[in-house]
Amino acid sequence: MTITMPAAPAVEPMNGSASSVPLSSPVPLTASIPSAPSAPSAPSAPSGLSAPGFPEEQVRARARTGSAAVFPDPATYGAHLFGPAAAHGGDALDRTRIVPPVFMPERLEKLIDLAREPEFGDVDLTARVGGFTARLPLYLSAFGSTRAGSGDLAVHASRQAARLGIPMVIGENMVPVHGYRKAGDATRSALRARVEAYLEAAPDGAGGIVVQQSTEDADSEVWNLLYSDPAFRPLLETGRLAFELKTGQGAKPGLGGMTVVGRAEAEQLARRFTVREVFGEDAPRLLRCATPGTFTEEILRQQLRFMRNNFPKARTWVKFHPGRDIDRAARTAWAAGADAVTVDGAEGGTGWAPGVFLDQVGLPLAECLRRIGRPEGCLLATGGVWEGGRAVRALALGATAVGLGRAALVAVDEDPEHGLERLVEALALELRLLISALGKYAPAALAPDDLWDPAQGAVPC
(Lines give C-alpha, C1' and ligand atoms only; values in the text may rest on other atoms or scores of the structure.)
Protein backbone atom coordinates (compact mmCIF):
# COMPACT_ATOMS: atom_id res chain seq x y z
CA MET A 1 0.00 0.00 0.00
CA THR A 2 1.33 3.43 -0.91
CA ILE A 3 0.45 6.26 1.41
CA THR A 4 0.70 9.70 -0.20
CA MET A 5 1.25 12.55 2.20
CA PRO A 6 0.55 16.19 1.28
CA ALA A 7 3.60 18.29 0.62
CA ALA A 8 4.97 20.28 3.53
CA PRO A 9 3.48 23.76 3.66
CA ALA A 10 5.40 26.82 2.65
CA VAL A 11 4.84 28.95 5.71
CA GLU A 12 5.47 32.66 5.82
CA PRO A 13 7.63 33.89 8.70
CA MET A 14 5.52 34.82 11.71
CA ASN A 15 7.17 37.78 13.36
CA GLY A 16 4.08 39.29 14.98
CA SER A 17 3.20 38.63 18.59
CA ALA A 18 -0.18 37.65 19.98
CA SER A 19 -0.67 41.17 21.22
CA SER A 20 -0.06 42.66 17.79
CA VAL A 21 -2.74 40.49 16.17
CA PRO A 22 -5.48 40.20 18.80
CA LEU A 23 -8.42 37.88 18.16
CA SER A 24 -10.88 40.35 19.61
CA SER A 25 -11.35 42.89 22.33
CA PRO A 26 -10.14 41.48 25.66
CA VAL A 27 -12.72 39.55 27.63
CA PRO A 28 -11.72 38.36 31.12
CA LEU A 29 -11.65 34.60 31.62
CA THR A 30 -13.70 33.59 34.65
CA ALA A 31 -15.14 30.39 36.03
CA SER A 32 -18.61 31.42 34.90
CA ILE A 33 -20.06 31.95 31.46
CA PRO A 34 -21.82 35.06 30.21
CA SER A 35 -25.58 34.86 30.61
CA ALA A 36 -27.63 35.03 27.45
CA PRO A 37 -30.67 37.28 27.39
CA SER A 38 -33.61 35.66 29.15
CA ALA A 39 -35.76 35.71 26.02
CA PRO A 40 -35.15 36.57 22.37
CA SER A 41 -36.06 40.14 21.57
CA ALA A 42 -37.26 39.16 18.10
CA PRO A 43 -37.57 35.37 17.79
CA SER A 44 -36.80 34.00 14.38
CA ALA A 45 -39.04 31.34 12.94
CA PRO A 46 -37.31 27.94 12.87
CA SER A 47 -35.95 26.98 9.48
CA GLY A 48 -37.83 23.69 9.38
CA LEU A 49 -34.87 21.73 10.76
CA SER A 50 -35.96 18.58 12.59
CA ALA A 51 -34.15 15.86 14.57
CA PRO A 52 -36.16 12.61 14.63
CA GLY A 53 -35.35 10.40 17.60
CA PHE A 54 -33.69 13.29 19.45
CA PRO A 55 -35.31 15.31 22.30
CA GLU A 56 -35.83 18.23 19.96
CA GLU A 57 -38.63 19.95 21.88
CA GLN A 58 -36.66 19.90 25.14
CA VAL A 59 -33.66 21.41 23.37
CA ARG A 60 -35.81 24.12 21.78
CA ALA A 61 -37.33 24.95 25.17
CA ARG A 62 -33.85 25.43 26.60
CA ALA A 63 -32.85 27.56 23.62
CA ARG A 64 -35.79 29.83 24.45
CA THR A 65 -35.65 29.97 28.26
CA GLY A 66 -32.13 28.96 29.29
CA SER A 67 -31.62 27.89 32.92
CA ALA A 68 -35.35 28.20 33.67
CA ALA A 69 -35.85 24.94 31.73
CA VAL A 70 -33.79 23.05 34.32
CA PHE A 71 -36.67 23.31 36.81
CA PRO A 72 -40.43 22.66 36.66
CA ASP A 73 -42.68 25.57 35.79
CA PRO A 74 -42.48 27.92 38.81
CA ALA A 75 -46.22 28.54 38.50
CA THR A 76 -46.75 24.97 39.73
CA TYR A 77 -44.84 25.55 42.96
CA GLY A 78 -47.04 24.80 45.97
CA ALA A 79 -49.68 23.13 43.80
CA HIS A 80 -47.85 20.07 42.41
CA LEU A 81 -46.09 17.29 44.29
CA PHE A 82 -42.97 16.48 42.32
CA GLY A 83 -41.31 13.10 41.97
CA PRO A 84 -39.34 11.14 39.37
CA ALA A 85 -40.83 10.92 35.91
CA ALA A 86 -42.01 7.60 34.55
CA ALA A 87 -39.15 5.27 33.71
CA HIS A 88 -37.92 5.65 30.15
CA GLY A 89 -35.75 3.49 27.95
CA GLY A 90 -32.84 5.57 26.74
CA ASP A 91 -29.46 4.00 26.01
CA ALA A 92 -26.98 2.43 28.42
CA LEU A 93 -25.50 5.80 29.34
CA ASP A 94 -28.88 7.35 30.12
CA ARG A 95 -29.91 4.37 32.24
CA THR A 96 -26.85 4.73 34.46
CA ARG A 97 -27.66 6.49 37.74
CA ILE A 98 -25.60 9.31 39.24
CA VAL A 99 -25.05 8.34 42.90
CA PRO A 100 -23.80 10.87 45.47
CA PRO A 101 -22.07 9.41 48.55
CA VAL A 102 -23.09 10.15 52.12
CA PHE A 103 -19.56 10.97 53.25
CA MET A 104 -17.85 13.69 51.23
CA PRO A 105 -14.21 14.36 52.16
CA GLU A 106 -13.68 16.60 49.12
CA ARG A 107 -16.54 18.81 50.26
CA LEU A 108 -14.83 19.10 53.63
CA GLU A 109 -11.63 20.17 51.88
CA LYS A 110 -13.57 22.82 49.97
CA LEU A 111 -15.26 23.99 53.18
CA ILE A 112 -11.88 24.46 54.85
CA ASP A 113 -10.53 26.25 51.79
CA LEU A 114 -13.51 28.65 51.59
CA ALA A 115 -14.07 28.98 55.35
CA ARG A 116 -17.80 28.41 54.68
CA GLU A 117 -20.15 25.73 53.43
CA PRO A 118 -19.56 25.13 49.69
CA GLU A 119 -22.36 25.80 47.21
CA PHE A 120 -22.99 24.58 43.67
CA GLY A 121 -21.81 27.94 42.39
CA ASP A 122 -18.34 27.07 43.68
CA VAL A 123 -17.90 24.37 41.02
CA ASP A 124 -15.21 25.50 38.57
CA LEU A 125 -16.12 24.25 35.10
CA THR A 126 -12.97 25.51 33.38
CA ALA A 127 -11.21 22.71 31.50
CA ARG A 128 -8.24 22.00 29.25
CA VAL A 129 -9.71 20.58 26.06
CA GLY A 130 -7.22 19.19 23.57
CA GLY A 131 -4.59 21.75 24.51
CA PHE A 132 -7.05 24.68 24.67
CA THR A 133 -8.48 26.46 27.67
CA ALA A 134 -12.27 26.20 27.69
CA ARG A 135 -14.69 27.93 30.04
CA LEU A 136 -16.74 24.73 30.16
CA PRO A 137 -16.00 21.03 29.56
CA LEU A 138 -17.76 21.37 26.20
CA TYR A 139 -16.96 21.90 22.54
CA LEU A 140 -18.93 22.44 19.37
CA SER A 141 -18.88 19.18 17.41
CA ALA A 142 -18.09 18.91 13.70
CA PHE A 143 -21.00 19.50 11.31
CA GLY A 144 -19.21 18.83 8.03
CA SER A 145 -20.28 19.79 4.53
CA THR A 146 -23.97 18.92 4.82
CA ARG A 147 -26.51 21.63 3.99
CA ALA A 148 -27.55 22.06 7.64
CA GLY A 149 -23.98 22.06 8.87
CA SER A 150 -22.35 24.45 6.40
CA GLY A 151 -24.93 27.22 6.02
CA ASP A 152 -26.05 30.16 8.12
CA LEU A 153 -26.97 27.99 11.13
CA ALA A 154 -23.36 26.86 11.38
CA VAL A 155 -22.14 30.47 11.22
CA HIS A 156 -24.49 31.46 14.06
CA ALA A 157 -23.35 28.45 16.07
CA SER A 158 -19.71 29.44 15.51
CA ARG A 159 -20.28 32.95 16.81
CA GLN A 160 -22.08 31.73 19.93
CA ALA A 161 -19.48 29.03 20.65
CA ALA A 162 -16.83 31.75 20.55
CA ARG A 163 -18.74 33.91 23.02
CA LEU A 164 -19.07 30.88 25.31
CA GLY A 165 -15.31 30.36 25.22
CA ILE A 166 -15.48 26.73 24.01
CA PRO A 167 -13.57 25.14 21.11
CA MET A 168 -15.24 24.64 17.74
CA VAL A 169 -14.59 21.78 15.31
CA ILE A 170 -15.09 22.39 11.58
CA GLY A 171 -15.92 19.12 9.84
CA GLU A 172 -14.58 17.38 6.79
CA ASN A 173 -14.99 18.15 3.07
CA MET A 174 -15.74 21.84 3.51
CA VAL A 175 -13.07 22.91 1.03
CA PRO A 176 -13.57 20.16 -1.60
CA VAL A 177 -17.33 20.88 -1.63
CA HIS A 178 -17.57 24.62 -1.00
CA GLY A 179 -14.15 25.89 -2.03
CA TYR A 180 -11.73 28.15 -0.21
CA ARG A 181 -10.95 31.81 -0.49
CA LYS A 182 -8.31 33.99 1.08
CA ALA A 183 -8.82 37.53 2.30
CA GLY A 184 -9.85 39.82 -0.54
CA ASP A 185 -11.49 37.15 -2.70
CA ALA A 186 -15.06 37.99 -3.70
CA THR A 187 -16.47 34.47 -3.54
CA ARG A 188 -17.98 33.18 -0.30
CA SER A 189 -16.28 30.31 1.52
CA ALA A 190 -18.33 28.31 4.02
CA LEU A 191 -15.23 27.46 6.04
CA ARG A 192 -13.93 31.03 6.14
CA ALA A 193 -17.40 32.31 7.07
CA ARG A 194 -17.37 30.10 10.17
CA VAL A 195 -13.81 31.01 11.10
CA GLU A 196 -14.43 34.73 10.70
CA ALA A 197 -17.60 34.56 12.82
CA TYR A 198 -15.68 32.77 15.55
CA LEU A 199 -12.76 35.20 15.47
CA GLU A 200 -15.07 38.21 15.72
CA ALA A 201 -16.48 37.00 19.04
CA ALA A 202 -13.65 34.94 20.56
CA PRO A 203 -12.47 36.09 24.00
CA ASP A 204 -8.78 36.26 24.79
CA GLY A 205 -7.41 33.18 26.50
CA ALA A 206 -10.25 30.74 25.81
CA GLY A 207 -11.54 28.55 23.00
CA GLY A 208 -9.94 27.49 19.74
CA ILE A 209 -10.68 26.25 16.23
CA VAL A 210 -10.20 22.65 15.09
CA VAL A 211 -10.26 21.75 11.39
CA GLN A 212 -10.83 18.17 10.29
CA GLN A 213 -9.19 16.58 7.31
CA SER A 214 -10.35 13.46 5.50
CA THR A 215 -9.09 11.76 2.33
CA GLU A 216 -10.63 14.29 -0.06
CA ASP A 217 -9.47 17.16 2.17
CA ALA A 218 -5.92 15.82 2.00
CA ASP A 219 -6.12 15.85 -1.80
CA SER A 220 -7.07 19.53 -1.54
CA GLU A 221 -4.23 20.16 0.97
CA VAL A 222 -6.65 21.82 3.38
CA TRP A 223 -4.27 21.93 6.33
CA ASN A 224 -1.52 23.41 4.14
CA LEU A 225 -3.91 26.13 2.98
CA LEU A 226 -4.89 27.11 6.49
CA TYR A 227 -1.44 26.85 8.05
CA SER A 228 0.04 29.23 5.46
CA ASP A 229 -2.93 31.65 5.39
CA PRO A 230 -2.10 34.89 7.27
CA ALA A 231 -5.71 35.02 8.49
CA PHE A 232 -4.95 32.04 10.75
CA ARG A 233 -1.81 33.59 12.22
CA PRO A 234 -3.61 34.92 15.34
CA LEU A 235 -4.77 31.37 16.13
CA LEU A 236 -1.31 29.93 15.62
CA GLU A 237 0.40 32.60 17.70
CA THR A 238 -2.02 32.13 20.60
CA GLY A 239 -1.99 28.33 20.41
CA ARG A 240 -5.64 28.08 19.43
CA LEU A 241 -5.56 26.13 16.19
CA ALA A 242 -5.79 22.35 15.94
CA PHE A 243 -5.99 19.88 13.08
CA GLU A 244 -8.12 16.76 13.51
CA LEU A 245 -7.48 13.58 11.57
CA LYS A 246 -10.88 12.01 10.95
CA THR A 247 -10.95 8.23 10.72
CA GLY A 248 -14.71 7.77 11.10
CA GLN A 249 -17.96 8.97 12.67
CA GLY A 250 -20.72 7.65 14.89
CA ALA A 251 -23.54 8.03 12.37
CA LYS A 252 -21.96 5.63 9.86
CA PRO A 253 -18.92 3.74 11.22
CA GLY A 254 -16.68 2.43 8.47
CA LEU A 255 -18.10 4.74 5.80
CA GLY A 256 -17.08 8.16 4.56
CA GLY A 257 -19.24 11.26 4.53
CA MET A 258 -22.44 11.30 2.48
CA THR A 259 -24.64 14.12 1.26
CA VAL A 260 -27.50 14.59 -1.21
CA VAL A 261 -26.78 16.90 -4.14
CA GLY A 262 -28.60 18.16 -7.21
CA ARG A 263 -27.54 17.01 -10.66
CA ALA A 264 -25.73 20.21 -11.55
CA GLU A 265 -23.71 20.13 -8.33
CA ALA A 266 -23.07 16.41 -8.79
CA GLU A 267 -21.36 17.10 -12.12
CA GLN A 268 -19.01 19.56 -10.41
CA LEU A 269 -18.22 17.22 -7.51
CA ALA A 270 -17.75 14.07 -9.57
CA ARG A 271 -14.06 14.85 -10.04
CA ARG A 272 -13.42 14.53 -6.29
CA PHE A 273 -16.21 12.27 -5.01
CA THR A 274 -18.16 9.20 -6.01
CA VAL A 275 -21.67 10.18 -7.12
CA ARG A 276 -24.38 7.53 -7.42
CA GLU A 277 -27.97 7.48 -8.67
CA VAL A 278 -29.52 5.58 -5.76
CA PHE A 279 -32.80 7.53 -5.76
CA GLY A 280 -33.79 6.60 -9.31
CA GLU A 281 -32.45 7.36 -12.78
CA ASP A 282 -34.74 10.35 -13.27
CA ALA A 283 -34.55 11.66 -9.68
CA PRO A 284 -33.37 15.27 -9.33
CA ARG A 285 -30.99 14.33 -6.49
CA LEU A 286 -27.98 12.03 -6.28
CA LEU A 287 -25.89 10.59 -3.45
CA ARG A 288 -22.40 12.04 -3.01
CA CYS A 289 -19.99 9.68 -1.20
CA ALA A 290 -16.58 10.34 0.31
CA THR A 291 -14.06 7.60 1.01
CA PRO A 292 -13.42 6.65 4.66
CA GLY A 293 -9.66 6.24 4.39
CA THR A 294 -7.63 3.17 5.32
CA PHE A 295 -5.96 2.86 8.72
CA THR A 296 -3.75 0.41 10.54
CA GLU A 297 -1.86 1.10 13.75
CA GLU A 298 1.25 1.98 11.77
CA ILE A 299 -0.60 4.21 9.29
CA LEU A 300 -2.21 6.08 12.21
CA ARG A 301 1.14 6.56 13.93
CA GLN A 302 2.70 7.84 10.71
CA GLN A 303 -0.18 10.24 10.04
CA LEU A 304 0.01 11.73 13.54
CA ARG A 305 3.81 12.00 13.28
CA PHE A 306 3.37 13.80 9.95
CA MET A 307 0.88 16.24 11.52
CA ARG A 308 3.15 17.05 14.46
CA ASN A 309 6.23 17.51 12.28
CA ASN A 310 4.65 19.57 9.48
CA PHE A 311 2.32 21.70 11.59
CA PRO A 312 4.18 22.20 14.88
CA LYS A 313 2.15 25.27 15.92
CA ALA A 314 -1.16 23.42 15.62
CA ARG A 315 -2.57 20.97 18.15
CA THR A 316 -3.07 17.39 16.98
CA TRP A 317 -6.50 15.77 17.35
CA VAL A 318 -7.87 12.49 16.00
CA LYS A 319 -11.49 11.34 15.73
CA PHE A 320 -12.58 7.70 15.79
CA HIS A 321 -15.85 5.99 14.99
CA PRO A 322 -17.23 3.64 17.69
CA GLY A 323 -15.30 0.57 16.56
CA ARG A 324 -14.88 -2.62 18.55
CA ASP A 325 -11.14 -1.93 18.97
CA ILE A 326 -11.65 1.67 20.14
CA ASP A 327 -9.48 1.09 23.21
CA ARG A 328 -6.48 0.05 21.08
CA ALA A 329 -7.06 2.93 18.66
CA ALA A 330 -7.18 5.50 21.47
CA ARG A 331 -4.01 4.17 23.11
CA THR A 332 -2.19 4.19 19.77
CA ALA A 333 -3.14 7.82 19.16
CA TRP A 334 -2.09 9.00 22.62
CA ALA A 335 1.21 7.13 22.35
CA ALA A 336 1.81 8.89 19.02
CA GLY A 337 1.37 12.29 20.68
CA ALA A 338 -2.26 13.21 19.98
CA ASP A 339 -3.42 16.17 22.07
CA ALA A 340 -7.00 14.84 21.99
CA VAL A 341 -8.83 11.68 21.02
CA THR A 342 -12.48 12.13 20.05
CA VAL A 343 -14.81 9.14 20.33
CA ASP A 344 -18.06 9.50 18.42
CA GLY A 345 -20.59 7.06 19.88
CA ALA A 346 -23.19 5.32 17.74
CA GLU A 347 -25.77 7.82 19.08
CA GLY A 348 -23.96 10.66 17.30
CA GLY A 349 -24.64 12.19 13.92
CA THR A 350 -25.93 15.35 12.28
CA GLY A 351 -25.51 14.31 8.67
CA TRP A 352 -26.93 11.95 6.08
CA ALA A 353 -26.56 8.20 6.63
CA PRO A 354 -28.20 4.88 5.67
CA GLY A 355 -30.92 3.89 8.13
CA VAL A 356 -29.34 0.50 8.79
CA PHE A 357 -26.19 2.26 10.04
CA LEU A 358 -28.09 4.67 12.27
CA ASP A 359 -29.98 1.82 13.92
CA GLN A 360 -27.63 -1.15 13.90
CA VAL A 361 -23.95 -0.29 13.49
CA GLY A 362 -21.33 0.81 16.02
CA LEU A 363 -20.81 0.67 19.78
CA PRO A 364 -22.89 2.91 22.04
CA LEU A 365 -20.95 5.73 23.67
CA ALA A 366 -21.18 4.08 27.12
CA GLU A 367 -19.52 0.92 25.81
CA CYS A 368 -16.78 2.93 24.06
CA LEU A 369 -15.95 4.67 27.33
CA ARG A 370 -16.08 1.39 29.26
CA ARG A 371 -13.62 -0.27 26.86
CA ILE A 372 -11.20 2.65 26.96
CA GLY A 373 -11.29 2.76 30.76
CA ARG A 374 -8.87 5.16 32.39
CA PRO A 375 -7.74 7.42 29.54
CA GLU A 376 -4.05 8.04 28.90
CA GLY A 377 -4.69 11.54 27.56
CA CYS A 378 -7.45 13.98 26.72
CA LEU A 379 -10.58 12.04 25.77
CA LEU A 380 -13.50 13.82 24.11
CA ALA A 381 -16.93 12.19 23.81
CA THR A 382 -19.85 12.88 21.51
CA GLY A 383 -23.18 11.22 20.93
CA GLY A 384 -26.62 12.42 22.02
CA VAL A 385 -25.45 15.03 24.55
CA TRP A 386 -27.89 17.86 25.24
CA GLU A 387 -28.27 18.12 29.04
CA GLY A 388 -26.12 17.92 32.16
CA GLY A 389 -26.94 14.39 33.28
CA ARG A 390 -25.58 12.70 30.16
CA ALA A 391 -22.58 15.04 30.18
CA VAL A 392 -21.75 14.19 33.81
CA ARG A 393 -21.97 10.45 33.09
CA ALA A 394 -19.55 10.76 30.18
CA LEU A 395 -17.18 12.90 32.26
CA ALA A 396 -17.30 10.37 35.11
CA LEU A 397 -16.38 7.59 32.67
CA GLY A 398 -13.20 9.39 31.63
CA ALA A 399 -14.11 12.11 29.13
CA THR A 400 -12.42 15.48 29.54
CA ALA A 401 -15.21 17.24 27.65
CA VAL A 402 -18.34 16.43 25.64
CA GLY A 403 -19.44 17.70 22.25
CA LEU A 404 -22.71 19.32 21.18
CA GLY A 405 -23.76 18.51 17.63
CA ARG A 406 -27.47 18.06 16.86
CA ALA A 407 -28.38 19.88 20.08
CA ALA A 408 -26.35 22.91 18.98
CA LEU A 409 -27.93 23.07 15.52
CA VAL A 410 -31.46 22.68 16.90
CA ALA A 411 -30.84 25.39 19.51
CA VAL A 412 -29.50 27.80 16.90
CA ASP A 413 -32.40 26.96 14.60
CA GLU A 414 -34.75 27.98 17.43
CA ASP A 415 -32.92 31.26 18.05
CA PRO A 416 -29.98 32.16 15.76
CA GLU A 417 -28.73 34.91 18.07
CA HIS A 418 -28.68 33.25 21.51
CA GLY A 419 -30.18 29.75 21.28
CA LEU A 420 -26.91 27.87 21.80
CA GLU A 421 -25.90 30.18 24.63
CA ARG A 422 -29.16 29.53 26.46
CA LEU A 423 -28.88 25.79 25.92
CA VAL A 424 -25.37 25.86 27.40
CA GLU A 425 -26.51 28.11 30.24
CA ALA A 426 -28.98 25.38 31.28
CA LEU A 427 -26.43 22.61 30.80
CA ALA A 428 -23.80 24.47 32.84
CA LEU A 429 -26.23 24.95 35.73
CA GLU A 430 -27.01 21.23 35.71
CA LEU A 431 -23.29 20.41 35.67
CA ARG A 432 -22.69 22.56 38.73
CA LEU A 433 -25.69 21.12 40.57
CA LEU A 434 -24.75 17.52 39.82
CA ILE A 435 -21.01 17.82 40.43
CA SER A 436 -21.53 19.60 43.74
CA ALA A 437 -24.13 17.00 44.77
CA LEU A 438 -21.36 14.42 44.39
CA GLY A 439 -19.24 16.42 46.82
CA LYS A 440 -16.83 17.55 44.10
CA TYR A 441 -16.01 20.92 42.60
CA ALA A 442 -14.39 20.31 39.21
CA PRO A 443 -15.30 18.04 36.26
CA ALA A 444 -11.89 16.35 36.44
CA ALA A 445 -12.72 15.08 39.94
CA LEU A 446 -15.55 12.88 38.63
CA ALA A 447 -14.90 9.13 38.59
CA PRO A 448 -16.66 5.85 37.65
CA ASP A 449 -17.69 5.24 41.27
CA ASP A 450 -20.00 8.27 40.97
CA LEU A 451 -22.22 6.07 38.78
CA TRP A 452 -24.32 2.92 39.18
CA ASP A 453 -25.38 0.73 36.29
CA PRO A 454 -28.64 -1.08 37.16
CA ALA A 455 -28.05 -3.61 34.39
CA GLN A 456 -24.80 -4.77 35.98
CA GLY A 457 -25.57 -4.03 39.60
CA ALA A 458 -22.25 -2.19 39.84
CA VAL A 459 -20.38 0.77 38.41
CA PRO A 460 -19.97 0.64 34.58
CA CYS A 461 -16.17 0.47 34.73
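This briefing covers the salt bridges, cysteines, strand pairing and a nonpolar surface patch of the structure above. The model is predicted. It holds 25 salt bridges and 0 disulfides. The salt bridges described below include pairs of partly exposed residues, a pair of buried residues and a network of five named residues, Glu56, Arg60, Arg64, Asp413 and Glu414.

**Cysteines**

- Cysteine 368 has a relative accessibility of 0% and therefore counts as buried, the cut-off being under 20%.
- Cysteine 378 is also buried, with a relative accessible area of 13%.
- The number of disulfides in the structure is 0.

**Salt bridges between partly exposed residues**

- Glutamate 297 and arginine 301 form a salt bridge in which the closest N and O atoms are 3.8 Å apart.
- Both residues belong to helix H11 (residues 297–310), and because they are 4 residues apart there, about one helical turn separates glutamate 297 from arginine 301.
- Glutamate 297 is partly exposed at 33% relative accessibility, and arginine 301 is partly exposed at 29%.
- Aspartate 325 forms a salt bridge with arginine 328, and the closest N and O atoms of this pair are 3.8 Å apart.
- Aspartate 325 has a relative accessible area of 37% and is partly exposed; arginine 328, with 40%, is partly exposed as well.

**A buried salt bridge**

- Lysine 440 is joined to aspartate 450 by a salt bridge whose closest N and O atoms are 2.8 Å apart.
- Lysine 440 and aspartate 450 both lie in the loop between helix H17 (419–437) and strand E15 (451–452), so the pair ties together parts that are 10 residues apart in sequence.
- Both lysine 440 and aspartate 450 are buried.

**The salt-bridge network around glutamate 414**

- A network of salt bridges links Glu56, Arg60, Arg64, Asp413 and Glu414.
- Glutamate 414 is part of helix H16 (residues 406–414).
- With a relative accessible area of 11%, glutamate 414 falls under the 20% cut-off and so counts as buried.
- The side chain of glutamate 414 makes a polar contact with the side chain of arginine 60 at 2.8 Å.
- A polar contact also connects the side chain of glutamate 414 to the side chain of arginine 64, at 3.3 Å.

**Nonpolar surface patch**

- Val278, Phe279 and Trp352 form a nonpolar patch on the surface, and their accessible area together is about 300 Å².
- Phenylalanine 279 is located in the loop between strand E9 (274–276) and strand E10 (285–289).
- Phenylalanine 279 is partly exposed, its relative accessible area being 39%; because patches are made of residues with over 30%, this value admits phenylalanine 279 on the accessibility criterion.

**Strand E10 and its partners**

- Strand E10 is mostly covered, with 4 of its 5 residues buried.
- Strand E8 (residues 258–262) runs antiparallel to E10, and 5 bridges join the two strands.
- Within E10, leucine 286 has valine 261 standing opposite.
- Strand E9 also pairs with E10 in the antiparallel sense, over 3 bridges.
- Leucine 287 in E10 stands opposite arginine 276.
- In a regular strand, side chains alternate between the two faces of the sheet.

Note on methods: Residues are numbered from 1 along each chain as its sequence is written. This is a predicted model: local features need pLDDT of at least 70, side-chain atom pairs count only at pLDDT 80 or more; totals for chains, interfaces and linings use all residues. Side-chain values use heavy atoms; hydrogens and water are left out. A disulfide is a pair of cysteine sulfur atoms within 2.5 Å. Buried means under 20% relative accessible area, exposed over 50%, partly exposed in between (1.4 Å probe, protein chains only). A salt bridge is a side-chain nitrogen of Lys or Arg within 4 Å of a carboxyl oxygen of Asp or Glu. A polar contact is a pair of N or O atoms within 3.5 Å; within protein, one must be able to donate a hydrogen and the other to accept it, and residues adjacent in sequence count only if both atoms are side-chain atoms. Patches are made of residues with over 30% relative accessible area and no salt bridge: like charges are joined within 9 Å, nonpolar side chains (Val, Leu, Ile, Met, Phe, Trp, Tyr) within 5 Å. Accessible areas come from the Shrake-Rupley method with a 1.4 Å probe; for residues, only the protein chains shown count as cover. Two strands pair if DSSP finds at least two bridges between them.
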